[in-house]
Every structure is written in C-alpha cells, then in structure tokens.
Amino acid sequence: MASGVLVTSAAHAAWPERPVTLIVPYAPGGITDVMARLTAEVLREKFHQTFIVQNEAGAGGIIGAANAARAKPDGYTLFFGPIALLTLSPLTSKVNYDPEKDFVPVSIVASTSFVVTINDSFPAKTLSEFIAEVKKKPGAYSYASAGVGSTTHAASLLFLKSAGLDMVHVPYRGVAPAFTDLIAGNVQMTSASPVELKPHLNNPKIRPLGISSKERSQHLPDVPVIAETVASPYVATHNGILAPRQTPQDIVDMISQEVVAAVKTKEFSDKLLQVGFEPFGSTPAEMAATIAADREGWLAVKTEVAAATQ
C-alpha cells in the first residue's frame, strides 16, 4: 500500500483529511512524550497531515488512556503510551476502561528494559555476588522504586522473586528522587530504564549489574542480561500506538506500516537510540502478542503488587 493519503474501504473517504490527535497520558517532557513527538513528526511527513500530541496526564496515565478509549473510532484520535497501562495498571489500580477490549493494537515504536543498579558501597561487583549477599541477610537491604505499583516497582519484584530475594521496598515520587537516595546510599538497589539511568552513568556511586532485556542493550553493552545469571523473565516498557476499538483496520494497518518503515531507517532509529530507547517497530499482530506476553509476565507478581497497593 502506497504512502500518503489513504482511501478507506469502509468510508470511501480520504484519510487523513484533517489533523490527527495522539493522546499521551503523561505531562510534556517525559520519555513517552518525547517518543510520541518523534513519531508524530514521522507520520506528518508520511501522510502530509498534522499529527498533534495532546498531553492528558493524571492517575498514572489512566485518565489519558480512558479518554482515548472513549474517542470516536475514526482514525483521528489515537493513543500513544506504554502497554503497561493495559497489562500492569489493571493489577495495581481501578481503571475505567477494558484493557483487553477497548483498544486495537497498531504498532510498538520502541522499548526499554530495566537495569538492576546498586550503590557502589554494596559488597558486590556482579549480579551473582549481589544475589548471594542479599540471601545472607533477608530483609536487611532495601530497594527504591518510582512509586507503589510503578513499572520500576513491579520490575524489581519480578527480579527479586526470580532470584529468591527478600528486600524492603522504599517507594518514591518518581525515578529522580529514587536515584538521589540510591546515590546517597540510603537504599541499596533500584531498577530503572537505560533512559532514566543515562544521566547517572558516569557517577561512581552507582553500579549497573544486570538488564531485564532478551539481549544486551546497545546503550549498556557491558551490562549482562539478568537471565545470564538467574532464570528471570524478559521485562520491558513498550511504548507505541493504540487505537480505539472499531477503528477501521485499513487505517490501523497503514499507520503500522509507516511506523515499521520509519523504525527501519537509520535517521529515525538513531533518534530513538540517542534518547535511550531500543527501536522496535511491529505489526498489529506482533503488538497484540507482545501485550499478551507482557500481561502474563506481570501476572507473576500480581499477588505481591496487589498487596503493596492495598
């Protein structure tokens, strides 16, 4: 199917004939917002139409997701955000949308995994040494997260459960204060994305030990995959485009094709890598499979996350 204006089989009308809105469920300036704006620019060039990034923050992304779910399914309102709002958020919060029925997968643009990072004063140089030390003193050490029920919290829980570790959770209002206390030595560990770790990489007070990806990250080539040390599931934050259910499939397919084509270009993939993302690019079916796998992964710590959020 050619790039540019699409003639839909359902409505026999050109799409897009007017600006398309991408709802981002977070405030401007965050990693999801940055990725959405990069993607909007690509789509604008491909479809010769304006793609507007509309920030609708609140309730950890739930408000924006709910507004997108209720939008008219005509292809002019899309959702750009992490699939965790469909897979993890329903385990931690009351959501006013059906995470399995209210959205149509379009394409994952990029992803980012979680890096187990410790304070440099901790008596461990490798992930295996860290696991061994924590096992000696159950409950004696603490880990930081960006908040109860956040992806950093759940990712840490998955790692700790896989390794059979007992650590005390210390939640913060975001990743920045969590790193502040990790650097100060007030907590011993956190799990954060390479994007969030990037500003601190040259700080000698912290040490990344393992990443939850399937293979080593281009951003941290010397950091081993957690699964090289302990059987632990692949965990990542996948950001991409979803559409309200009943959005015409030809529009969904057209957008997906353009996202996949863009991710394959050096210009766009380099922009994503520069910010700290791992370029992805997926068909609707591949995104659906990733959502299903992500949901299954978080279910492994459903009980622990639910207990922490009560």
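In this predicted model, helix H1 (residues 31-47) packs with helix H10 (residues 266-275) at an angle of about 170°, and their axes lie 11 Å apart. Angles over 145 degrees count as roughly antiparallel, and H1 and H10 are therefore roughly antiparallel to each other. From H1, the residues Val-34, Met-35, Leu-38, Thr-39 and Val-42 take part in the contact, where they meet Phe-268, Lys-271, Leu-272 and Val-275 of H10. By class, the residues of this contact are seven nonpolar, one polar and one charged.

**The six-stranded sheet**

Six strands form an open sheet with mixed pairing, in the order S4-S3-S5-S12-S6-S13. Its edges are strand S4 (51-55) and strand S13 (278-279), each of which pairs on one side only. Strand S3 (residues 20-24) runs parallel to S4, and five bridges join the two. Within this part of the sheet, Val-24 stands opposite Asn-55 in S4.

A helix also lies across this sheet. Helix H11 (residues 284-299) crosses strand S6 (103-113) and strand S12 (236-244), and runs at about 65° to S6.

**The five-stranded sheet**

A further open sheet has five strands in the order S9-S8-S10-S7-S11, again with mixed pairing. Strand S9 (168-171) and strand S11 (206-211) are its edge strands, each pairing on one side only. On average, neighbouring strands of this sheet are turned by 30° against each other, direction ignored. Strand S7 (residues 115-119) and strand S10 (residues 189-192) run antiparallel and are joined by four bridges. Here Val-116 stands opposite Ser-191 in S10.

**Pockets**

The two pockets are set out in the table.

| Pocket | Volume | Lining residues | Classes in the lining |
|---|---|---|---|
| Largest pocket | about 810 Å³ | 33 residues | 14 nonpolar, 16 polar, three charged |
| Second largest pocket | about 300 Å³ | 15 residues | five nonpolar, six polar, four charged |

In the largest pocket, the lining residues closest to the centre are Tyr-26, Gly-60, Ser-150, Thr-151 and Glu-196. Several elements supply at least two residues each to this lining: H1, helix H3 (84-87), helix H4 (89-92), helix H6 (151-163), helix H7 (175-184) and S12. H1 gives the most, with three residues. Helix H1 thus appears both in the packing with H10 and in the lining of the largest pocket. Strand S12 likewise belongs to the six-stranded sheet and supplies at least two residues of the lining of the largest pocket.

In the second largest pocket, Ser-111, Ser-213, Glu-215, Tyr-234 and Glu-278 lie nearest the centre. S6 and S13 each supply at least two residues of its lining. The largest share of this lining, three residues, comes from S6. Strand S6 is also one of the strands that H11 lies across, while S13 is an edge strand of the six-stranded sheet.

Key: Residues numbered from 1 in each chain as written. Predicted model: local features only at pLDDT ≥ 70, side-chain atom pairs only at ≥ 80, totals over all residues. Heavy atoms only, no water. Pairing = 2+ DSSP bridges. Contact = heavy atoms within 4.5 Å. Axes fitted to C-alpha atoms, helices over the stretch in contact; angles between N-to-C directions. Parallel < 35°, antiparallel > 145°, perpendicular 65-115°, else oblique. Nonpolar A, V, L, I, M, F, W, Y, C, P; charged D, E, K, R; others polar. 1 Å grid on protein atoms, 1.4 Å probe; cavity = no way out; pocket = protein on both sides within 12 Å on 5 of 7 lines; lining within 4 Å. Points joined across faces, edges and corners; volume = space filled by probe spheres on them.
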